[in-house]
Amino acid sequence: MKIRLGLLAVTMTMVATTTNAAELSVVGSWSGLPLHKLYEKPFWEEKMPAASDGKITASLTTHDQMGIKGGDVFRMLGEGVFDVGMTVADYAVSDTPALEGLDVPLIATDAASAKIMVEAARPLVDDIYKDVFNAKVLGVAPYPPQVVFCNAEIASLADLKGKKIRASGRLTGKLLEALGAEAVSVGFGEVPGALQKGVVDCAVTGAGSGYSAGWWEVSTHLMPIPLGGWDPVITAINMDKWNSLSAEEQGVIEAAVKSDLEAPAWDTAQDALATDVACLTGVGDCPGDKRGMTLVEVTDADVATAREILLSSVLPDWAERAGGDWGQRWNDTVGKATGVQIPLK
């Protein structure tokens, strides 16, 4: 009897220990890109457990390692297939056009202004994820600005006219079409083959992403104009899972994401762009292997032309597609913070 009671006590202690620890199943963004390797992976495997004194741990994989599409991540998150999902917000815009308003091209030309834009949009994003994806947003981190890789000779923004271009998001696609290009939908991992085979002439992504994925092998010209915005990556947790956590656990997770995941990614975003461009073109300081892409200098006239099209055509079109009061809500938040107002009907 004493032995049985002793075993029962040990078992109950083990159950209590297990119950007091929260292990989260986490699906991160692209496994081969710097955001995951430098920030997501260290955060979930080392910093989150440390911040919680080992009470919150994670089982981490990525959507590409799972073999699922980026556009399915937040749908599956809402259904409770895993606890935390992390991927590019633009991958989810087919579920809700309102989400396009988070990542607007050409408004933010540096990391500091991009952070202001994203923070102003957070109340809108929080509502979208709660209502559409049954999820709580924990944080938003940037990829560096989404620039233009071309396997064709270009010298200015005007040279994009008539070319087939892979856009990084829906607003970017609308902007490219307004510039006279043909926006083509191609998955990130399929871009090198598409550039090599002539399926597309150009493609938009972050300079660091293109460098890491070897786009320089199938591209000749690089135009570092932020036509694709900053491609924010959302970190969100299933709302049912979130509500099952204690207030203390919730507080620890939110604070850790802000200080140990969001902040470092934003702090290095600006310098990362300069370094990535230097590595791709061989012009400037590069800590790794230099490549030989032709750098196409962006003129003030190029930026002014694209921005005028954005304000007069692309954003009004988005406000109409988003419907409801999303255009006005954007004006009152992001627009107010950035000095941009969408002309609404």
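Partly exposed means a relative accessible area between the cut-offs for buried, under 20%, and exposed, over 50%. Glu177 is a case in point: its relative accessibility is 42%, so Glu177 counts as partly exposed. Keep in mind throughout that this is a predicted model.

**Around helix α6**

Glu177 sits in helix α6, which spans residues 170-178. That helix also has a buried set, made up of Leu171, Thr172, Gly173, Leu175 and Leu176. What lies over those buried residues? The cover includes β6 (164-166), β7 (182-184) and α11 (300-322). Just after α6 comes Gly180, and its phi is positive, near 95°.

**The sheet**

Now for the sheet that β6 and β7 belong to. It is an open one of 6 strands, and reading across gives β7-β6-β8-β5-β9-β11, with mixed pairing. Which strands stand at the edges? They are β7 and β11 (294-295); each has a single partner strand, so one side of each is left without a neighbour in the sheet.

Further in, β5 and β8 pair up in the antiparallel sense, over 5 bridges. One spot to look at on that pairing is Val147, which stands opposite Thr205 in β8. Helix α10 lies across β5, β9 (221-223) and β11, and its direction makes an angle of about 160° with β9.

**α10 against α5**

Helix α10 (residues 247-281) has a helical partner too: α5 (residues 111-133) packs with it at an angle of about 145°, the axes being 8 Å apart. On the α5 side the residues that meet α10 are Ala111, Ala114, Lys115, Val118 and Arg122. Facing them from α10 are Glu262, Trp266, Ala269 and Gln270. Sorted by class, this contact comes out as 5 nonpolar, 1 polar and 3 charged residues.

**Two disulfides**

How many disulfides turn up in a search of the whole structure? There are 2. Numbered in sequence order, the bonded cysteines of the protein pair as 1-2, 3-4.

The pair Cys150 and Cys202 ties in with the sheet described above. Cys150 is in strand β5 (residues 146-150) and Cys202 is in strand β8 (residues 202-206), so this disulfide links distant parts of the chain, 52 residues apart. Those two strands are also the ones that pair over 5 bridges. The torsion about the S-S bond is about 105°, so the link between Cys150 and Cys202 is right-handed.

The other pair is Cys279 and Cys286, with sulfur atoms 2.0 Å apart. Here the torsion about the S-S bond is 105°, and this link is right-handed as well.

How buried are the four cysteines? The table lists their relative accessible areas.

| Cysteine | Relative accessible area | State |
|---|---|---|
| Cys150 | 0% | buried |
| Cys202 | 0% | buried |
| Cys279 | 4% | buried |
| Cys286 | 15% | buried |

Cys286 has a value of 15%, and it still counts as buried because the cut-off is under 20%.

**Asn331 in α12**

Over to helix α12 (residues 326-338), where Asn331 has its place. Is Asn331 buried or exposed? Its relative accessible area is 4%, so Asn331 is buried. What does its side chain reach? A polar atom there lies 2.7 Å from the backbone nitrogen of Ile342. Setting aside neighbours within four places in sequence, the contacts of Asn331 are Lys336, Val340, Gln341, Ile342 and Leu344.

**Ala58 in β2, and back to Glu177**

Ala58 is found in strand β2 (residues 56-62). Which residues touch Ala58, leaving aside neighbours within four places in sequence? They are Glu23, Leu24, Val26 and Trp44. Ala22 is 36 residues from Ala58 along the chain, and the C-alpha atoms of Ala58 and Ala22 are separated by 8.2 Å.

How far is Ala58 from Glu177, where this report began? The two are 119 residues apart along the chain, and 42 Å separates their C-alpha atoms.

Technical notes
Residues are numbered from 1 along each chain as its sequence is written. This is a predicted model: local features need pLDDT of at least 70, side-chain atom pairs count only at pLDDT 80 or more; totals for chains, interfaces and linings use all residues. Side-chain values use heavy atoms; hydrogens and water are left out. Buried means under 20% relative accessible area, exposed over 50%, partly exposed in between (1.4 Å probe, protein chains only). Helices (H or I, at least four residues) and strands (E, at least two) are DSSP runs, numbered from the N terminus. Contact means heavy atoms within 4.5 Å. Axes are lines fitted to C-alpha atoms, for helices over the stretch in contact, and angles run from 0 to 180 degrees between N-to-C directions. Ala, Val, Leu, Ile, Met, Phe, Trp, Tyr, Cys and Pro count as nonpolar, Asp, Glu, Lys and Arg as charged, and the others, Gly among them, as polar. A disulfide is a pair of cysteine sulfur atoms within 2.5 Å. Two strands pair if DSSP finds at least two bridges between them. A polar contact is a pair of N or O atoms within 3.5 Å; within protein, one must be able to donate a hydrogen and the other to accept it, and residues adjacent in sequence count only if both atoms are side-chain atoms.
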